Amino acid sequence: MDINYKIKERLNEALTVRGMTAAELAAKSGLNKSSVSRYLSGENVPRSLAIGKMAEALSVSPAWLLGYDLTMNG
């Protein structure tokens, strides 16, 4: 399974669980909306800094966002 797909799936799952929108994630993480949209669609793979910011905004483990076999909260 490719990394784009895994990150996309994990981001969408975390947004659903947290009851957040993509716009809220962008605002809370400090990333721009278009970047978040591309990550959510699997069009782009976020760099480690973006992964860290989104993980913090979503209160999830960065490793979980990357697809490692962990619980959402690490």
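The paragraphs below walk through the helices of this predicted model and the residues that pack between them. Residues are numbered from 1 along each chain as its sequence is written, and side-chain values use heavy atoms, with hydrogens and water left out. Because the model is predicted, local features need pLDDT of at least 70 and side-chain atom pairs count only at pLDDT 80 or more, while totals for chains, interfaces and linings use all residues.

Helix 1 makes a convenient starting point. Helices here are DSSP runs (H or I, at least four residues), numbered from the N terminus. Helix 1 covers residues 3-18, and its 16 residues should span 22 Å at 1.5 Å a residue; the end C-alpha atoms are 22 Å apart, which agrees. The expected span is taken as 1.5 Å times one less than the number of residues. At the N-terminal end, Asp-2 acts as a cap, with a side-chain oxygen 2.9 Å from the backbone nitrogen of Asn-4. After the helix comes Gly-19, whose phi is positive, near 65 degrees.

Which residues of helix 1 are buried? They are Ile-7, Arg-10, Leu-11, Ala-14 and Leu-15, where buried means under 20% relative accessible area, exposed over 50%, and partly exposed in between (1.4 Å probe, protein chains only). Viewed down the axis of helix 1, these buried residues fall within an arc of 135 degrees, so they line one face of the helix. The arc is that of the directions from the helix axis to the C-beta atoms. As a reminder, an α-helix has 3.6 residues a turn, so residues three or four places apart point the same way. The cover over the buried residues of helix 1 includes helix 2 (22-29), helix 3 (33-41), helix 4 (48-58) and helix 5 (62-65), with contact meaning heavy atoms within 4.5 Å.

Arg-10, a member of helix 1, deserves a second look. Arg-10 is buried yet has no salt bridge, and the nearest side chain of opposite charge, that of Glu-13, is 4.7 Å away. For a salt bridge, a side-chain nitrogen of Lys or Arg must lie within 4 Å of a carboxyl oxygen of Asp or Glu; in assigning charge, Lys and Arg count as positive and Asp and Glu as negative, with His and the chain ends not counted. Apart from residues up to four places away in sequence, Arg-10 touches Trp-64, Leu-65, Gly-67 and Tyr-68.

One of those partners, Leu-65, belongs to helix 5 and counts as buried at 0% relative accessibility. Leaving aside neighbours within four places in sequence, Leu-65 is in contact with Lys-6, Ile-7, Arg-10, Leu-11, Ile-51, Met-54, Ala-55 and Val-60. Leu-65 and Lys-6 are 59 residues apart in sequence, with their C-alpha atoms 7.8 Å apart in space.

Turning to helix 2, the buried residues are Leu-25, Ala-26 and Ser-29. They cover an arc of only 100 degrees around the axis, which puts them on the same side of helix 2. Ala-27 and Lys-28 are exposed on the other side, while the buried residues pack against helix 1, helix 3 and helix 4. Ala-22, also in helix 2, is partly exposed, with a relative accessible area of 30%. Not counting residues up to four places away in sequence, Ala-22 touches Leu-15, Val-36 and Leu-40. Just after helix 2, Gly-30 has a positive phi of about 80 degrees.

Helix 4 buries Ala-50, Ile-51, Met-54, Ala-55, Ala-57 and Leu-58. Down the axis of helix 4, the buried residues fall within an arc of 165 degrees, so they line one face of the helix. Helix 1, helix 2, helix 3 and helix 5 are included in what covers them. On the other side of helix 4, Ser-48, Leu-49 and Glu-56 are exposed; for Ser-48, the relative accessible area is 65%. Ser-48 and Leu-66 are 18 residues apart in sequence and 9.5 Å apart in space, C-alpha to C-alpha.

What sign does phi take at Ser-59, just after helix 4? Phi of Ser-59 is positive, near 55 degrees, in a residue other than glycine. Most residues other than glycine have a negative phi. Ser-59 sits in the loop between helix 4 and helix 5, and at 47% relative accessibility it counts as partly exposed.

Definitions and conventions
Helices (H or I, at least four residues) and strands (E, at least two) are DSSP runs, numbered from the N terminus. A polar contact is a pair of N or O atoms within 3.5 Å; within protein, one must be able to donate a hydrogen and the other to accept it, and residues adjacent in sequence count only if both atoms are side-chain atoms.
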